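Me: I should like to go through this protein model with you. Could you take my questions one at a time?

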Amino acid sequence: MQKKSYYFGAVLAVVLAVSNVFFVSGPAFATAQEELPKAIIISAVQITGGVGKTSQDFVELYNPNSEPLNLNGYRLVKRSSTGTADSSIKSWSSDSYIPAYGFYLWANSSYGDIPVLPDTITSSTLADDNGIALRFGANDTGAIIDSLAWGATSNTFASSGLANPGAGESIARTSMSEPKLYAVQLSSPRNSSVVLAPTAEQVPTGDLPETDPAPQEPPAEEQPVEEPPAEEQPAQEQAPLEQPRTIYITELLPNPSGADAGKEEIELFNYGSQIVDLSNWVLDDVSAEQPLSSNNYAIMGLNLEPGQYASIIIPAGKFTLNNSSGDTVTLFDSNGEAVDTVIYTQSAPSGKSYSKIGDLWNWAIPTQGSQNVPDLAPEEEIEEEEQQLLPSIQGLVISEIYAAPLKGEQEFVELYNSSDSEIDMTGGIIMVGNSSAGLPQIMVPAKSYYLLRRETLTLALANSGKKVSLLQKQDGVAAQNSAVVFTVEYPKSITGQSYAKFEDNFLWTSKVTPGSVNVLEQPQQKPAANLESDKKPVVKKSTSPKAPVKTTVKTSSTKAAAKPAEKTNSKPAATAKKTTESVKNEQKSEDENKPKSKGLAGVVAIAVASLGAGGLAVYRFGMGGGMPF
């Protein structure tokens with residue numbers, strides 16, 4: 001009996017060992033599944049703030065997972081009602097995390113009065129009958145993690161079944177754990193500072209292997225199998241589960257006001273859902289690959305709770321951060337493994353923190369121990385990273401300049417969006433001569449016009465001629481040094497005429513067309529044939545031999561008197577010949593004194609003249625349907 005028990009115990013031990021390996025390491029397909037993207041929910045969408053606020057759009061995402069989720073590799077895309085190709089709203093090519101059971105907010109860059117600070121912004125917009133999707137991978141082909149469409153759509157994205165939301169309304173997910181149900185409600189966007197308590201359905205249950213049930217007492221009539229003493233039974237140690245990295249550096253203060261020693265601060269934030277003991281974690285101004293320096297700083301006695309910030313003051317005598325030429329800061333855990341590294345490459349302004357705001361790092365007002373906020377500093381103090389937030393005005397051109405208006409009219413510069421998508425003019429500068437002004441924060445639809453009248457332009461158009469340019473705004477860079485997108489120089493103005501674009505040329509036209517298609521119209525001229533006939537002599541002869549012959553020649557100094565026929569019959573041919581030659585000489589003299597047409601303008605003048613009394617040539621630039629102004 002004891003021998004059988006021994007063999008039974010050995011077999012049972014082998015089975016348990018194999019089972020333990022199976023549960024701890026898992027089968028091969030489980031590893032492959034872990035490489036798939038985690039679920040993210042599109043939790044709310046707003047597409048308009050009302051009249052004049054159509055670009056006040058946002059998309060709210062939610063992370064239903066029990067650990068922070070890195071958005072690197074994901075992209076948010078949109079499609080029109082019948083679209084078959086993605087248009088990018090936002091793509092993540094670097095680390096950016098959504099907290100566990102937390103939110104993440106994208107908003108249009110012109111939505112300045114949004115109730116909460118977005119985690120990221122771009123210039124993309126949403127509209128009626130659109131659809132959006134969150135993909136993992138490339139446009140059109142990446143795996144769709146979640147999608148949502150509204151209004152009348154057939155773009156293959158999942159439909160909410162709801163009509164287009166109105167001003168200040170959003171299509172919002174009614175539950176984060178129930179099946180996809182949406183409702184139209186007043187918007188209340190949430191960013192990554194908001195974390196929901198997990199529901200019972202969200203609490204993970206499969207993280208640990210199942211335990212065996214408690215042993216049952218053997219029947220009274222049977223003798224229990226004799227087991228070896230508990231202390232002699234080999235203990236099976238279970239490897240501790242690896243905790244996800246949830247602690248990150250969110251703010252640096254390298255150059256505090258006054259003396260730096262003992263005042264430099266580094267802020268940490270816990271993105272996770274569990275308390276992390278930071279005892280024996282180390283901060284140092286080295287890279288992740290370098291060994292620790294002798295003046296590193298070890299953190300002692302600090303437990304960081306979920307969603308909590310901690311500001312670490314670096315004591316005097318420990319490492320210091322450079323005020324010029326940049327520096328590196330790395331956080332190491334208690335095992336000496338690098339957890340997070342932050343690098344700044346520019347000089348640190350006095351009293352400013354290098355802060356993570358959304359996906360970007362910027363110099364801002366210090367907020368150690370609380371959520372970072374953008375700095376509303378003058379443009380010259382904003383660093384290069386923020387330039388990426390300015391929308392491009394590529395495709396915006398100058399289409400008409402009216403510098404010398406008639407009485408009662410206003411001078412203007414007309415702009416035209418020649419691209420196939422709308423342009424946010426927030427990122428543009430207009431320069432007249434050496435004076436410059438920012439373009440209005442207006443979205444100009446594709447193939448449409450926008451009129452800069454005097455009250456909007458604020459820059460005078462000189463009648464003597466000026467160079468007018470459109471430039472791409474760059475924060476911290478003087479307007480004169482910004483990238484030129486389009487430029488034209490108009491000559492001395494003609495009152496009541498505009499200098500307008502026709503294909504690749506600018507011409508003066510008396511047909512001024514603010515906010516609509518350019519029309520080339522020049523003053524009418526007599527046809528060339530009539531001009532020539534006016535210069536030829538008119539010779540009239542009477543059929544009667546007694547009738548006098550009148551020869552009429554228009555000159556500036558002589559008049560031919562009528563003479564009796566009998567006195568002029570001897571030399572009629574000579575007189576006519578002389579008269580014709582005189583006219584030709586006078587016409588030649590006048591032709592030599594006329595200005596000669598040059599280039600395209602001359603060709604246009606001749607073409608207009610050849611049309612006779614209806615001398616009107618029409619050339620078109622752009623497309624119809626200009627914007628109302």
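Reply: The questions and answers below concern the chain shown above.

Me: What kind of model is this, and how are residues numbered?

Reply: This is a predicted model, in which local features need pLDDT of at least 70 and side-chain atom pairs count only at pLDDT 80 or more, while totals for chains, interfaces and linings use all residues. Residues are numbered from 1 along each chain as its sequence is written, and side-chain values use heavy atoms, with hydrogens and water left out.

Me: How many helices and strands are there in the protein chain?

Reply: The protein chain has seven helices and 36 strands. These are DSSP runs numbered from the N terminus, with at least four residues for a helix (H or I) and at least two for a strand (E).

Me: What share of the residues is buried?

Reply: Of the 629 residues in the protein chain, 38% are buried. Buried means under 20% relative accessible area (1.4 Å probe, protein chains only).

Me: Turning to the sheets, what is the strand order in the one that contains β4?

Reply: The order is β5-β4-β9-β10, an open sheet of four strands with antiparallel pairing. Two strands pair if DSSP finds at least two bridges between them.

Me: Why do β5 and β10 each have one side without a neighbour in the sheet?

Reply: β5 (87-91) and β10 (143-149) stand at the edges with a single partner strand each, so one side of each has no neighbour in the sheet. From one strand to the next, the twist averages 20°; the axes are lines fitted to C-alpha atoms, and angles run from 0 to 180 degrees between N-to-C directions.

Me: How many bridges join β4 to β5, and how many join β9 to β10?

Reply: Strand β4 (residues 74-79) is joined to β5 by four bridges, and Lys 78 stands opposite Ser 87 in β5. Strand β9 (residues 131-136) pairs with β10 over six bridges in the antiparallel sense, with Ile 132 opposite Leu 148.

Me: Which residue in the hairpin of β9 and β10 takes a positive phi?

Reply: Gly 137 does, with a phi near 120°, in a hairpin that has six residues between the strands.

Me: A change of topic: where is Met 425, and is it buried or exposed?

Reply: Met 425 is in the loop between β26 (423-424) and β27 (428-432). Met 425 is buried, with a relative accessible area of 0%.

Me: Which residues is Met 425 in contact with, beyond its neighbours within four places in sequence?

Reply: Its contacts (heavy atoms within 4.5 Å) include Ile 393, Leu 396, Leu 415, Pro 440 and Tyr 450. Val 444 is another of them; Met 425 and Val 444 are 19 residues apart in sequence and 7.4 Å apart in space, C-alpha to C-alpha.

Me: And how covered is β30?

Reply: Strand β30 (residues 449-453) is mostly covered, with four of its five residues buried. Strand β25 (residues 412-417) pairs with β30 in the antiparallel sense over five bridges, and the bridge partner of Phe 412 is Arg 453.

Me: Finally, which sheet contains β27?

Reply: β27 belongs to an open sheet of four strands in the order β28-β27-β31-β32, with antiparallel pairing. β27 pairs with strand β31 (residues 466-472) over five bridges, where Gly 428 stands opposite Gln 472.

Note on methods
Buried < 20%, exposed > 50% of the residue type's maximum accessible area, 1.4 Å probe, protein only.
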